[in-house]
Amino acid sequence: MNIEQIREYCLSLPYATEDMPFGEDYLVIRICDKIFACIGLTRPDYFVVKCDPERAIELRERYPEIRPAWHWNKKYWIEISLTGSLDDNLIQTLIRHSYTEVLKKLPKRISKDLLKKQPILNFLQNNRS
C-alpha cells in the first residue's frame, strides 16, 4: 500500500475525518475528533497508528517494519514502514485495530450515541478481535 491507499482506506471507516492540525506535513485521520492514524506527507514511506501496548510489543518483535512511533507515546503508538514486506491485509488490520482502540476510549457520552449507529455496529460486528 502507498500513503494514498492508506488515506482512502482510513477514510472508508465509519465517521472517519481528516485534517492537518500539525501543519501541511502531516495528515491525521480521526474518529470523533480522536486521532487513529497519522500520515507524514514529507515521508511517504511510513505512517503511525494507535495500538494496544501488549500487541505493539509483539508486533515490534516480529516485524522490523514496525517500531515505536517517533514523537508519539511509544507505549500506544507504532510507526509502520511501507518500504518493507508487510502485506496490505496486515496493514489494513492494523488500521482497523487502531480505529477500534480509539473507539473503546471515547467518552461514554459520545460512545453511547455513536455505538447506536448502524455503520459503527456493522464495523464492530465485522471486526471482532
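**Why the helices and strands are described as they are**

User: What makes the crossing of H1 and H3 right-handed?

Analyst: In this predicted model, the crossing of H1 and H3 is right-handed because the near helix is turned clockwise from the far one by less than a right angle, whereas an anticlockwise turn would make a crossing left-handed. Ile6, Tyr9 and Cys10 of H1 make the contact with Ile91, Gln92, Ile95 and Arg96 of H3, where contact means heavy atoms within 4.5 Å. These residues of H1 and H3 divide into five nonpolar, one polar and one charged; Ala, Val, Leu, Ile, Met, Phe, Trp, Tyr, Cys and Pro count as nonpolar, Asp, Glu, Lys and Arg as charged, and the others, Gly among them, as polar.

User: Why is H1 called oblique to H3?

Analyst: Helix H1 (residues 3-11) packs against H3 at an angle of about 40°, and their axes are 11 Å apart. H1 is therefore oblique to H3, since angles under 35 degrees count as roughly parallel, over 145 as roughly antiparallel, 65 to 115 as roughly perpendicular and the rest as oblique. The axes are lines fitted to C-alpha atoms, for helices over the stretch in contact, with angles from 0 to 180 degrees between N-to-C directions.

User: How do you know which term suits H3 and H5?

Analyst: H3 and helix H5 (residues 118-126) pack at an angle of about 120°, with 12 Å between their axes, and H3 and H5 are therefore oblique to each other as well. The crossing of H3 and H5 is left-handed. On the H3 side the contact involves Arg96, Tyr99, Thr100 and Leu103, and on the H5 side Ile120, Phe123 and Leu124.

User: What makes S1 and S5 edge strands?

Analyst: Six strands form an open sheet in the order S1-S2-S3-S4-S6-S5, with antiparallel pairing. Strand S1 (16-19) and strand S5 (66-68) are its edges, as each pairs on one side only. Two strands pair if DSSP finds at least two bridges between them; S5 and strand S6 (residues 77-81) have three bridges in the antiparallel sense, and Ile66 has Ile80 in S6 as a bridge partner.

User: Which strands does H3 lie across?

Analyst: Helix H3 (residues 88-104) lies across strand S2 (26-31), strand S3 (34-40), strand S4 (46-50), S5 and S6, running at about 40° to S4. Helices (H or I, at least four residues) and strands (E, at least two) are DSSP runs, numbered from the N terminus.

User: What conventions lie behind the values?

Analyst: Residues are numbered from 1 along each chain as its sequence is written. Local features need pLDDT of at least 70, side-chain atom pairs count only at pLDDT 80 or more, totals for chains, interfaces and linings use all residues, and side-chain values use heavy atoms, leaving out hydrogens and water.
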